[in-house]
Amino acid sequence: MVYTSTNALFDEHAYPATTNELIDNYGDEELELADGTETVADALGVLGQETFESAEEARYAVYTGLSSAAIGRVGYSDRDPTPPGCDGQPPVSF
C-alpha cells in the first residue's frame with residue numbers, strides 16, 4: 001500500500017529514524033487507499049513515538065497506522081457462511 005515514491009523515500013532515509021523524523025520529512029506524502037487518501041503523517045501519527053531500524057520497519061508502521069479507508073470491503077470474507085443445520089459450528093471435513 002505504501003506506493004513506490006514513498007518506498008523510495010523510506011529506502012533513501014538514514015536509519016535508525018524516529019516517528020517525528022519521518023513525519024517531518026515525508027508527512028505530506030499522500031497514500032492512495034481503497035476508499036480515499038491519507039498522508040504518511042496521518043498513518044504514523046496514531047502510533048506514538050517509535051524508533052525504526054530500517055525502511056521495512058517504517059513501511060510496516062505506516063501499514064499499521066492506516067485507517068479503515070485502506071480496507072476494500074469492510075466485513076467482507078471469502079469464507080463460505082456456516083451451512084444450515086450446523087448449529088453455528090463449521091462442518092467437520094475429512
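This is a short tour of a predicted model, with a suggestion at each stop for what to select.

**Stop 1: helix 2**

Start by selecting residues 19-26, which make up helix 2. Which residues of this helix are buried? Show the side chains of Thr19, Leu22 and Tyr26, and you have them. Now look along the helix axis: these three cover an arc of only 70 degrees around it, which puts them on the same side of helix 2. A general rule helps here: an α-helix has 3.6 residues a turn, so residues three or four places apart point the same way.

**Stop 2: Thr19**

Stay in helix 2 and pick Thr19. Its relative accessible area is 1%, so Thr19 counts as buried. What lies around its side chain? A polar atom there is 3.2 Å from the backbone oxygen of Gly48, and the backbone nitrogen of Glu50 lies 2.9 Å from a polar atom of the Thr19 side chain. To see its surroundings, add Leu44, Gly48, Gln49, Glu50 and Phe52; these are the residues in contact with Thr19 once neighbours within four places in sequence are left aside.

**Stop 3: an aromatic pair**

Next, select Tyr26 together with Phe10; both are buried. Two aromatic pairs turn up in a search of the whole structure. In the one formed by Phe10 and Tyr26, the ring centres are 5.7 Å apart and the planes stand at 65 degrees, so the pair is edge-to-face. Phe10 belongs to helix 1 (residues 4-12) and Tyr26 to helix 2, so this pair ties together parts that are 16 residues apart in sequence.

**Stop 4: Glu21**

Go back to helix 2 and click on Glu21. Is this residue buried, exposed or partly exposed? With a relative accessibility of 32%, Glu21 counts as partly exposed. Show His13 and Pro16 as well: setting aside neighbours within four places in sequence, Glu21 is in contact with them. Then try your viewer's distance tool on Glu21 and Thr51, which are 30 residues apart in sequence and 9.4 Å apart in space, C-alpha to C-alpha.

**Stop 5: the hairpin**

Finish with strand 2 (residues 30-33) and strand 3 (residues 36-39). How do the two strands run, and how many bridges join them? They run antiparallel, and four bridges join them. Follow the backbone from strand 2 to strand 3 and you pass through a hairpin of two residues. For a last view, select Glu30 and find Thr39 of strand 3 standing opposite.

Conventions: Residues are numbered from 1 along each chain as its sequence is written. This is a predicted model: local features need pLDDT of at least 70, side-chain atom pairs count only at pLDDT 80 or more; totals for chains, interfaces and linings use all residues. Side-chain values use heavy atoms; hydrogens and water are left out. Buried means under 20% relative accessible area, exposed over 50%, partly exposed in between (1.4 Å probe, protein chains only). The arc is that of the directions from the helix axis to the C-beta atoms. Rings of Phe, Tyr and Trp (its six-membered ring) pair if their centres lie within 6.5 Å; planes under 30 degrees apart count as stacked, over 60 as edge-to-face and the rest as tilted. Contact means heavy atoms within 4.5 Å. Two strands pair if DSSP finds at least two bridges between them. A polar contact is a pair of N or O atoms within 3.5 Å; within protein, one must be able to donate a hydrogen and the other to accept it, and residues adjacent in sequence count only if both atoms are side-chain atoms.
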